[in-house]
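The exercises that follow ask you to work through a structure by inspection, each with a solution that proceeds step by step. Please keep the sequence and the coordinates open while you read.

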Amino acid sequence: MRRFRRGVLAGALFSLLVGAFAAGEPSAPQRWLAPAPRLADGRFVNPVGPIGHGPLGVRLPFMLRRIRASFDLRPGAPRIDRTDGAFFRGPGESPRVTWIGHATVLVEMDGVRFLTDPIWSQTASPLSFAGPPRLAPPGLALDALPPIDFVVVSHNHYDHLDLSSLTALAERDPLTWFIVPLANGELLRDAGITRVIELDWTGTTRIGDVVVHCLPVQHWSKRTLLDDDRALWSSWAVTGPTRRFYFGGDTGYFEGFREIGESLGPFDLAALPIGAYAPREMMAASHMNPEEAWQAALDVRAAAVLGVHFGTFDLSDEASDEPPRRFRERAREGGREGDAWVFSIGESRRF
Ligand code: ZN
Ligand code: ZN
């Protein structure tokens with residue numbers, strides 16, 4: 001228990017540093033669906049300019065609340081429906097999507113299998129013993145995965161780019177490709193991963209019968225004390241002969257969703273983040289609330305949308321069970337409750 005508390009404290013301090021170093025100069029707005037803009041010093045920037053993370057007067061009490069919450073783990077984590085993965089080795093039910101937890105989704109479609117932002121670690125932080133603890137185990141053991149053709153990573157925050165999971169996947173299957181936004185490749189190559197593809201926004205690569213599209217989101221990046229926005233952030237589309245899939249990564253609500261929908265939609269399925277949005281003064285620019293996530297699903301023209309990025313790591317002020325409730329409620333108001341998918345961790349569904 002003591003180790004756990006120390007870990008939470010270190011995680012909170014790290015998060016505070018993360019917020020403290022995020023700043024920069026504005027740049028002229030531009031269309032989102034274009035190569036990512038950069039500042040003169042090489043840092044990437046959203047087309048609307050650098051995004052804020054709230055005043056210190058909001059961030060400090062937030063950190064104290066996170067520490068307090070860690071002493072008394074909050075209820076409301078998703079149901080867990082852990083699978084042994086045996087059915088992946090059966091005759092196949094493709095196209096199929098499986099929620100492993102957080103933003104980790106296993107997709108099978110058009111002859112390929114791929115993972116989004118794989119994280120199997122116990123903490124979402126640079127230290128194995130510190131940082132936001134995992135509230136729910138992964139829905140499937142990493143060793144139980146079927147062969148994976150490729151992995152897409154949305155950005156370098158620790159709850160999305162989990163180096164130990166990526167190296168384990170590369171060691172397990174030397175044929176797996178790792179597709180990352182610009183300037184994230186070096187981190188993987190330094191860890192010994194060789195099959196790395198780096199793409200700019202609007203860049204594409206073909207794997208088997210599908211095309212993988214690197215697309216914008218409104219977010220930011222940071223992994224160490226001084227590397228703010230040195231590596232790009234993105235969302236991903238995977239389009240094949242029979243199915244089209246969109247993965248939103250981590251993002252505030254932004255105009256680019258509409259451009260993505262017009263250019264590459266409609267999608268059969270989107271996986272969009274619906275959690276880590278409170279307090280809004282800190283999170284609004286970089287994390288959607290559930291109502292915005294539903295609007296994003298409409299913008300990209302998704303027939304069905306799986307809510308992810310909640311209930312797995314306790315990252316923010318909202319209760320763990322609030323994102324799926326509000327997400328379904330908004331879909332119900334629009335007469336489309338059946339299209340707002342909320343899974344148990346480990347659950348699969350055809351799409
Ligand atoms: Zn992030
Ligand atoms: Zn995140």
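**Exercise 1.** Which residues does histidine 287 touch, not counting residues up to four places away in sequence?

*Solution.* Before starting, note that this is a predicted model, in which local features need pLDDT of at least 70 and side-chain atom pairs count only at pLDDT 80 or more, while totals for chains, interfaces and linings use all residues. Residues are numbered from 1 along each chain as its sequence is written, chains are lettered from A and ligands numbered from 1 in the order in which they are written, and side-chain values use heavy atoms, with hydrogens and water left out.

Step 1: locate histidine 287 in the loop between α6 (280-283) and α7, where helices (H or I, at least four residues) and strands (E, at least two) are DSSP runs numbered from the N terminus.

Step 2: list the contacts, a contact being heavy atoms within 4.5 Å; histidine 287 touches His219, Asp250, Thr251, Gly252, Gly275, Ala276, Tyr277, Arg280, Glu292 and His309.

Step 3: check the accessibility, for which buried means under 20% relative accessible area, exposed over 50% and partly exposed in between, with a 1.4 Å probe and protein chains only; histidine 287 is buried, at 11%.

**Exercise 2.** Identify the protein donors of the zinc ion (ligand 1) and classify their arrangement.

*Solution.* Step 1: collect the donors, which are N, O and S atoms within 2.8 Å of the metal (3.2 Å for Na, K and Ca), bearing in mind that water is not among the atoms, so sites may look incomplete. For the zinc ion (ligand 1) they are His155 (NE2), His157 (ND1), His219 (NE2) and Asp250 (OD), at 2.1 to 2.4 Å.

Step 2: read the spacing of these donor residues in sequence, which is H-x1-H-x61-H-x30-D.

Step 3: apply the angle criteria, by which four donors count as tetrahedral if all angles lie between 85 and 135 degrees, four count as square planar and six as octahedral if opposite donors are over 155 degrees apart and all others between 65 and 115, and anything else is irregular. The four donor atoms subtend angles of 90 to 166°, which makes the arrangement around the zinc ion (ligand 1) irregular.

Step 4: place the donors along the chain: histidine 219 lies in the loop between β8 (210-215) and β9 (235-239) and aspartate 250 in the loop between β10 and α5, 31 residues apart, so that the pair links distant parts of the chain. Histidine 219 is buried, with a relative accessible area of 0%.

**Exercise 3.** Which residue coordinates both zinc ions, and what are the protein donors of the zinc ion (ligand 2)?

*Solution.* Step 1: the donors of the zinc ion (ligand 2) are Asp159 (OD), His160 (NE2), Asp250 (OD) and His309 (NE2), lying 2.1 to 2.3 Å from it.

Step 2: aspartate 250 coordinates both the zinc ion (ligand 2) and the zinc ion (ligand 1), which are 3.9 Å apart.

Step 3: the angles of 84 to 156° subtended by the four donor atoms make the arrangement around the zinc ion (ligand 2) irregular. Aspartate 250 lies in the loop between β10 (244-247) and α5 (256-264) and histidine 309 in the loop between β12 (305-308) and α8 (322-333), so the pair ties together parts that are 59 residues apart in sequence.

Step 4: both of these residues are buried, aspartate 250 at 3% relative accessible area and histidine 309 at 1%.

**Exercise 4.** Describe the surroundings of helix α7 and the sheet that it crosses.

*Solution.* Step 1: an open sheet of seven strands has the order β7-β8-β9-β10-β11-β12-β13 with mixed pairing, where two strands pair if DSSP finds at least two bridges between them. Because β7 (204-207) and β13 (340-341) stand at the edges with a single partner strand each, one side of each is left without a neighbour in the sheet.

Step 2: β12 and β13 pair in the parallel sense over two bridges, and valine 305 stands opposite alanine 340 in β13.

Step 3: α7 (residues 290-300) lies across β10, β11 (269-273), β12 and β13, running at about 150° to β11; axes are lines fitted to C-alpha atoms, for helices over the stretch in contact, and angles run from 0 to 180 degrees between N-to-C directions.

Step 4: eight of the 11 residues of α7 are buried, so the helix is largely enclosed by the rest of the structure, and its buried residues, among them Trp294 and Val300, pack against β10, α5, β11, β12, α8 and β13.
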